[in-house]
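Work through the exercises below with the sequence and the model at hand. Each task is followed by a solution in steps.

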Amino acid sequence: MSVNRRQFLKRAGALTALGLGGSFVLTGIRGKIADAASQTPSYQKQKQGLVAKHWAMVVDMSKFKTEEDIERVIQSCDTIHNIPDFGNKKDEIKWIWKDDFEHTFTESKNEYLTENFKELPFMIMCNHCENPPCVKACPTGATFKRADDGIVMMDYHRCIGCRFCMGACPFGARSFNYRDPKPHIKTINPDFPTRTIGVVEKCTFCVERLEKGLKPACVEASKGGLIFGDLDDTNSEVRKIISSKFTIRRKSELGTQPSVYYLVGGEESV
Amino acid sequence: MFEKALTGSKRYWAWIFFLLAVIALGVMAYLRQFNEGLGLTGMSRDVSWGLYIAQFTFLVGVAASAVMLVTPYYLHDFKRFGKLVILGEFLAIAAVIMCILFIFVDVGQPMRILNVLLYPQLHSVMFYDMCVLAGYLVINLVVGWTTLGAEKKGTPPPKWVKPIIYLSIPWAFSIHTVTAFLYAGLPGRFFWMTAIMAARFLASAFAAGPALLILLALLVRKLSKFDPDPGIGAIQSLVKIIRYAMIANVFFYICEVFTAFYSNSPDEMAPFKYVFFGLDGHTSLVPFMWTAAVLAIVGIALLIFPTRENKVLLPIALLSIFLANWIDKGIVLIIAGFVPNSFERVTEYFPSGNEISIVVGIYAIGALIITVLYKIAISVREQNQI
């Protein structure tokens, strides 16, 4: 089929008209929706729920006596946050987990420690650093520090999965969805989003629970082993412990200022 | 000019179709990865970057190395590089495109990759890396195409292209510096967090890139009527640059080893122990690292002595230097940055077959781009020679 110049111009003109008309129709509809939205009250930050200037956590190791104490805490997080279990270390996703003293505080170990001490289990999660290297690294702002309470958050819809944050985090706190997590979640909690393939995730100090006035799930399950509160509030329990007892933080020499403190001596100290 | 790539000998077309077949296999492997996720690769929670990012890092260097021809030729009026310079620019184009593809196949959500530009984060080195890489691609496309077009017409290149050529010189340094900053600014990754990283990157790039370029030029000389160095000493001049760049590279590496081991800092020493001797019984990178070390020494030795003028030994020397740098940067550097992990445990990384198919596919795309661009350049030159 041959098209001469006149025919071509005619057809092109008709198509353009159609396209422009179509876009007018669409913007018209969208405009109306926008109008409707603007009539409803604008978004306001919820006043209810727990608020703080700087959320922090104290891990009181004296309260974690048995394997059950630890497993209960981990399970509480895994079940409500739809953490998948792939059954292999490579694709593993974890928000809170345990490791032994020797590997958690690599700079503090010494060869004379008894095996018992070396193997003492410690709870590990995202440190919600004051200077988070992951946030600095993220090229899209998908991971960011909330200005009002210091929680380091993830936007699973903006993350491109470049894993620069995983390279940047000196604590190994971040996990990547190497595979589709959904088939590997034992029972899905419909109140919390499941993640998609190809995005990074980590502990968020249970922001969804804080909004409802609840403490993080792990804190609730720990029966006093994990103490959570506002570090900027001089009367808070965390502040009192951190300022008057001997606590340590992971890799504090790197200057990231972790917000998770470990009370090692427990009640016996100071 | 592009029409010149569409006519060629049987051998030319056979090579093109061979590359297309390899690319097709790579595309198929990528589709699998696109559907099933990066779990198909050897990467893990502990070693979260692998071959893809390593190739990206290495190829940024190859791209930047065009500056080793552009600077002498355009800035110092070093005429000997007159026939080589276009090959350097076209190699840079292919290398940058491969870099972009390696980033693309590495991200978990490729359809969102433009979020980097939609939500630019001025504190993220990756944002700057994307900007300088895209800019470098445009610069080399414009410069390469315009200068070759002018040559075809037998006229000097237009005046407006000169400032762009000068701009390409600092720009080439910037792409590899920014790439080094991706790694050198991460607290807790002791293998990467070193002030000399950018300098090391540039030195290794200015050895590996021109080494590849000479090998390609020798191939061009063999396969076509166009000789990029008809007895004017262009190749031997470039050999000198490669030699000193490689010596600087090895020197910088020794500086790193000295600092780590004389200070006796466990964090600094651990990755070096891992790559040279193995750590906690994990030794997968040891054979690679020693091969690279031997190749580096052999390559430098062959280029120091008059052996550099020997027709057989020169390609061997260049190949040694290229491979030494490729192993160091394209395999070891990235993987060993994750070893030991932040818990001082060793997780090893082994690329999967699917992952390797994708890597080979992208290299085939690069080879295809080089073939087509070089074919155009050669055809123009052959025409002008008659």
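## Exercise 1: Nonpolar cores

Task: list the contacts that B:Tyr374 makes beyond its neighbours within four places in sequence, then place B:Tyr374 in its core.

Solution. Step 1: with those neighbours left aside, B:Tyr374 is in contact with B:Leu87, B:Gly88, B:Phe90, B:Leu91, B:Leu213, B:Leu216 and B:Val220, where contact means heavy atoms within 4.5 Å.

Step 2: the largest nonpolar core has 203 residues, and B:Trp192 and B:Tyr374 touch the most other members. A nonpolar core is a set of buried Ala, Val, Leu, Ile, Met, Phe, Trp, Tyr and Cys residues joined through side-chain atoms within 4.5 Å. Buried means under 20% relative accessible area, exposed over 50%, and partly exposed in between, with a 1.4 Å probe and protein chains only.

Step 3: another core of nine residues lies apart from it, including A:Val58, A:Ile242, A:Tyr261 and A:Leu263.

Conventions: this is a predicted model, in which local features need pLDDT of at least 70 and side-chain atom pairs count only at pLDDT 80 or more, while totals for chains, interfaces and linings use all residues. Residues are numbered from 1 along each chain as its sequence is written, chains are lettered from A and ligands numbered from 1 in the order in which they are written, and side-chain values use heavy atoms, with hydrogens and water left out.

## Exercise 2: The largest pocket

Task: describe the lining of the largest pocket by position, element, class and domain.

Solution. Step 1: the largest pocket holds about 1400 Å³ of space. Of its 48 lining residues, B:Trp15, B:Leu216, B:Leu219, B:Ala367 and B:Thr371 are the closest to its centre. The search uses a 1 Å grid over the protein atoms alone: a cavity is a set of points where a 1.4 Å probe fits but cannot get out, a pocket is an open set with protein on both sides within 12 Å along at least five of seven lines, and lining residues have an atom within 4 Å of a point. Grid points are joined across faces, edges and corners, and a volume is the space filled by probe spheres set on the points.

Step 2: in chain B, at least two lining residues come from each of helix 1 (10-36), helix 2 (51-64), helix 4 (85-106), helix 8 (197-223), helix 12 (313-336) and helix 13 (353-385). Helix 13 of chain B has the largest share, 14 residues. Helices (H or I, at least four residues) and strands (E, at least two) are DSSP runs, numbered from the N terminus.

Step 3: the lining has 34 nonpolar, eight polar and six charged residues. Ala, Val, Leu, Ile, Met, Phe, Trp, Tyr, Cys and Pro count as nonpolar, Asp, Glu, Lys and Arg as charged, and the others, Gly among them, as polar.

Step 4: domain 1 (1-184 + 352-386) and domain 2 (229-349) of chain B each give at least three residues to this lining; domain bounds come from an automatic or database domain assignment. The centres of these two domains, taken over C-alpha atoms, are 23 Å apart. Their contact takes 26 residues from domain 1 of chain B and 19 residues from domain 2 of chain B.

## Exercise 3: The second largest pocket

Task: which residues are the closest to the centre of the second largest pocket, and which element gives the most to its lining?

Solution. Step 1: the volume is about 650 Å³. Among the 29 lining residues, A:Asp78, A:Glu92, A:Ile93, A:Lys94 and A:Trp97 are the closest to the centre.

Step 2: helix 2 (67-80) and strand 2 (96-100) of chain A are the elements that give two or more residues. Helix 2 of chain A gives the most, with five.

Step 3: by class, this lining has nine nonpolar, eight polar and twelve charged residues.

## Exercise 4: Two single residues

Task: why do A:Thr247 and B:Ser320 count as buried, and what do they touch beyond four places in sequence?

Solution. Step 1: A:Thr247 lies in strand 9 (residues 247-248) of chain A. A:Thr247 counts as buried because its relative accessibility is 15%. Its contacts are A:Ile241, A:Ile242, A:Tyr261, A:Tyr262 and A:Leu263.

Step 2: B:Ser320 is in helix 12 of chain B and counts as buried because its relative accessibility is 6%. B:Ser320 is in contact with B:Leu295, B:Val298 and B:Gly299.
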